[in-house]
Amino acid sequence: ADVLKVLVVPTFDASDDIGDTDDNAVYIDVRAKAKPERTQEVVDEAMVNTQKLLNEHGYKATIRVELYEPSLQSLRNAS
């Protein structure tokens, strides 16, 4: 089954990094199943395209992508 879950979690940045205090700065964290077609080049291109799209709408995006190995995953539903 295809699964897409989007979580929007507004947070207060309490880090010591005084870096970007722009209200239009967003952080995107993507976790996806590793597949042969998801090469480093494909992932990098998708991040560049996503940054460009968000920039067109006034947002400055920092993007992180993690690809995981499905055989190492476990799930236990609430009982």
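## Surface and overall make-up

The protein exposes about 7400 Å², and carbon and sulfur atoms supply 52% of that area. Keep in mind that this is a predicted model. Of the 79 residues in the protein, buried ones make up 6%.

The fold has a short parts list: one helix and two strands. Reading from the N terminus, the elements come in the order β-α-β. Take the contacts in the protein with a separation of 6 or more, and 80% of them turn out to be between residues 24 or more positions apart.

## How the strands and helix fit together

Strands β1 and β2 pair up in the parallel sense, over nine bridges. To get from one strand to the other, the chain leaves β1, passes through α1 and carries on to β2, and this β-α-β crossover is right-handed. If you want a spot to look at in the pairing, try Asp-29, whose bridge partner in β2 is Arg-64.

Helix α1 covers residues 40-56, which gives it 17 residues. From its first C-alpha to its last it reaches 24 Å, close to the 24 Å expected at 1.5 Å a residue. After α1 comes Gly-58, with a positive phi near 90°.

## The loop before the helix

On the way from β1 to α1 the chain runs through a loop, and Lys-35 is found there. Lys-35 has a relative accessible area of 34%, so it counts as partly exposed. Lys-35 also makes a handy marker for a distance check: Tyr-68 is 33 residues away from it in sequence, while their C-alpha atoms are 9.0 Å apart in space.

## Salt bridges across the strands

Now for the charged side chains. How many salt bridges does the count come to? The count is three.

Start with Asp-29, which forms a salt bridge with Arg-64; their closest N and O atoms are 2.6 Å apart. Asp-29 sits in strand β1 (residues 25-33) and Arg-64 in strand β2 (residues 60-68), so this pair ties together parts of the chain that are 35 residues apart in sequence. These are also the two residues that are bridge partners in the strand pairing. Next up is Glu-66, which forms a salt bridge with Arg-31, with 3.8 Å between the closest N and O atoms. Here Glu-66 is in β2 and Arg-31 in β1, so this pair, too, ties together parts 35 residues apart in sequence.

## One network of four

What joins these pairs up? The side chains of Arg-64 and Glu-66 meet in a salt bridge as well, at 3.2 Å from N to O. Through shared partners, the salt bridges link Asp-29, Arg-31, Arg-64 and Glu-66 into one network.

Are these residues buried or exposed? The answer lies in between, because partly exposed covers what falls between buried, under 20% relative accessible area, and exposed, over 50%. Asp-29 comes in at 48% relative accessibility, so it is partly exposed. Arg-31 is also at 48% and partly exposed. On the β2 side, Arg-64 has a relative accessible area of 35% and is partly exposed, and Glu-66 is partly exposed at 29%.

Notes: Residues are numbered from 1 along each chain as its sequence is written. This is a predicted model: local features need pLDDT of at least 70, side-chain atom pairs count only at pLDDT 80 or more; totals for chains, interfaces and linings use all residues. Side-chain values use heavy atoms; hydrogens and water are left out. Helices (H or I, at least four residues) and strands (E, at least two) are DSSP runs, numbered from the N terminus. Buried means under 20% relative accessible area, exposed over 50%, partly exposed in between (1.4 Å probe, protein chains only). The expected span of a helix is 1.5 Å times one less than its number of residues. Two strands pair if DSSP finds at least two bridges between them. A crossover is right-handed if, with the strands pointing away from the viewer, the path from the first strand over the helix to the second runs clockwise. Contact means heavy atoms within 4.5 Å. Accessible areas come from the Shrake-Rupley method with a 1.4 Å probe; for residues, only the protein chains shown count as cover.
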